[in-house]
Amino acid sequence: MWRQVPAFIAGLAFFFGPMVIRGAPASGSADQAWQEILALDQGPASSTTDRKEALALALAHLARQAAALTRFISDQPGDARRNQARVRLAAVKFAEGKLPGRAAAVEEAERLLSGIERDPSAPAVAVADARHLRLAEAMQRTARLTLRARFEARPALLRNVREFALAHPGDRRIAGLLVEIATLFDSEPGEKRALLLEARSALRGRTDGGSPALGGRIADDLRRLDLLGRLLPGRFEPIRGTPVELATLRGRVVVIAFWASWSAPSLRMIEELKVALPAWDAARVAVLGVSLDERAADAEVAARELALGFPIQCDARGWESPLVRTAGINALPTVFVVDREGRLAHVNAAGQIAEVVRQTLSR
């Protein structure tokens with residue numbers, strides 16, 4: 001848990017990118033205070049595997065970040081980085097709001113962003129930063145909703161992305177927003193592809209040459225879509241047990257779950273899968289797991305603790321696994337569903353595994 005919170009704050013560089021600061025020159029004390037703020041982006045200095053201790057570490061670190069940002073905002077009213085500090089403080093409050101019992105922090109974050117947007121003295125770049133952070137948070141919240149709620153939220157969210165692009169043409173983050181919202185359209189590959197192609201066009205049109213990492217993510221997402229309807233040949237080699245040629249599973253729907261023991265969302269997907277498993281006839285549905293752990297022993301221990309009854313493959317190469325790269329996997333969890341002819345039917349059924357399998361069986 002504690003690793004996820006600092007990672008979100010460290011991700012501010014992704015949200016904001018390199019900012020061109022204009023305004024009053026900074027004093028030495030302001031520069032020192034700003035460097036302290038940036039140093040806190042690295043996260044807590046210690047770690048723990050105990051959940052209560054992890055939550056305490058996360059809260060203490062977020063409190064230090066909030067205090068440092070609040071001091072900067074108060075003590076440096078004329079500094080050009082003050083508005084950036086206000087947006088960063090909102091991001092810290094959003095992160096705090098993800099922890100148990102801290103929902104009120106989200107309201108505080110929203111007030112901070114609204115204050116920037118209503119401030120006539122706030123420069124356009126600060127307003128864009130505030131709106132972008134609000135959109136990014138809305139996407140994260142939508143991704144955690146039920147399938148029906150996500151479906152209902154998509155039109156408004158996509159409309160907000162379009163409005164952001166119109167209000168801030170040329171903003172370097174438009175491509176990233178399009179890629180993020182495309183993740184909500186896994187069940188509609190045509191719409192997903194259109195969004196990804198639009199994102200790629202926006203990325204290529206950037207004057208800074210674009211982001212190689214984001215370009216790679218778009219390429220991966222398009223690669224997965226290109227696999228739809230195609231036969232998935234290959235050999236599955238579990239940590240223990242007999243290797244399986246995927247071709248021998250034809251006649252059954254095959255669920256291929258990409259996960260890792262260190263990924264909290266993956267573990268939630270595993271629980272979803274375990275709930276669905278009892279209703280499936282093994283003669284009609286086969287389940288395979290692909291672990292991105294960098295040690296096969298970690299995957300094996302997790303599989304045993306989770307009481308997984310299906311075989312797990314782990315080549316200990318993580319994201320660089322040949323299977324992972326060929327399949328264009330760039331996020332966990334990802335759940336492929338293969339139809340009875342051996343063709344990929346769904347690029348990510350996580351959150352709706354039982355429904356997608358039911359639909360695939362009925363074809």
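This passage describes helix packing, two backbone features and the internal cavities of a predicted model.

Three pairs of helices make a convenient starting point. Helix H4, spanning residues 51–75, packs against helix H5, residues 82–97, at an angle of about 160°, and their axes are 9 Å apart. That angle makes H4 roughly antiparallel to H5, since angles over 145 degrees fall in that class. The handedness of the crossing of H4 with H5 is left-handed. On the H4 side, the contact is made by Leu59, Leu62, Gln65, Ala66, Leu69, Thr70, Phe72 and Ile73, which meet Arg82, Ala85, Arg86, Arg88, Leu89, Val92, Lys93, Ala95 and Glu96 of H5. Sorted by class, this contact of H4 with H5 holds 10 nonpolar, two polar and five charged residues.

Further along the chain, helix H7 (residues 124–143) meets helix H8 (residues 147–167). Their axes come within 11 Å and cross at roughly 165°, so H7 and H8 are roughly antiparallel to each other. Here too the crossing is left-handed. H7 contributes Ala128, Arg131, His132, Leu135, Ala138, Met139, Thr142 and Ala143, while the partners in H8 are Arg150, Ala153, Leu157, Asn160, Val161, Phe164 and Ala167. The contact of H7 with H8 comprises 10 nonpolar, three polar and two charged residues.

The remaining pair to consider is helix H9 (residues 174–182) with helix H10 (residues 189–204), whose axes come within 8 Å and cross at roughly 165°. H9 and H10 are therefore roughly antiparallel to each other, and H9 passes H10 in a left-handed crossing. From H9, the residues in contact are Ala175, Leu178, Val179, Ile181 and Ala182; these meet Lys192, Leu195, Leu196, Glu198, Ala199, Ala202 and Leu203 in H10. No polar residues appear in the contact of H9 with H10, which divides into 10 nonpolar and two charged residues.

Two loops carry backbone features that are worth a look in the viewer. In the loop between helix H13 (296–305) and strand E5 (312–313) sits Ala307. Although Ala307 is not a glycine, its phi is positive, at about 55°. The loop between helix H14 (322–327) and strand E6 (334–338) holds Pro333. The peptide bond joining Leu332 and Pro333 is cis, with omega about -5°.

Turning to internal space, a search of the whole structure gives two cavities of 30 Å³ or more. The largest cavity contains about 80 Å³ of space. Its lining is formed by Leu232, Leu246, Ala247, Leu249, Arg250, Arg252, Val254, Ile256, Val338, Asp339 and Gly342. By class, the lining of this largest cavity has seven nonpolar residues, one polar residue and three charged residues. Among the lining residues, Val338 also falls within the range of strand E6 (334–338), the strand that follows the loop of Pro333.

Technical notes: Residues numbered from 1 in each chain as written. Predicted model: local features only at pLDDT ≥ 70, side-chain atom pairs only at ≥ 80, totals over all residues. Heavy atoms only, no water. 1 Å grid on protein atoms, 1.4 Å probe; cavity = no way out; pocket = protein on both sides within 12 Å on 5 of 7 lines; lining within 4 Å. Points joined across faces, edges and corners; volume = space filled by probe spheres on them. Nonpolar A, V, L, I, M, F, W, Y, C, P; charged D, E, K, R; others polar. Axes fitted to C-alpha atoms, helices over the stretch in contact; angles between N-to-C directions. Helix = DSSP H or I, 4+ residues; strand = E, 2+ residues; numbered from the N terminus. Parallel < 35°, antiparallel > 145°, perpendicular 65-115°, else oblique. Left-handed = near helix turned anticlockwise from the far one by under 90°. Contact = heavy atoms within 4.5 Å.
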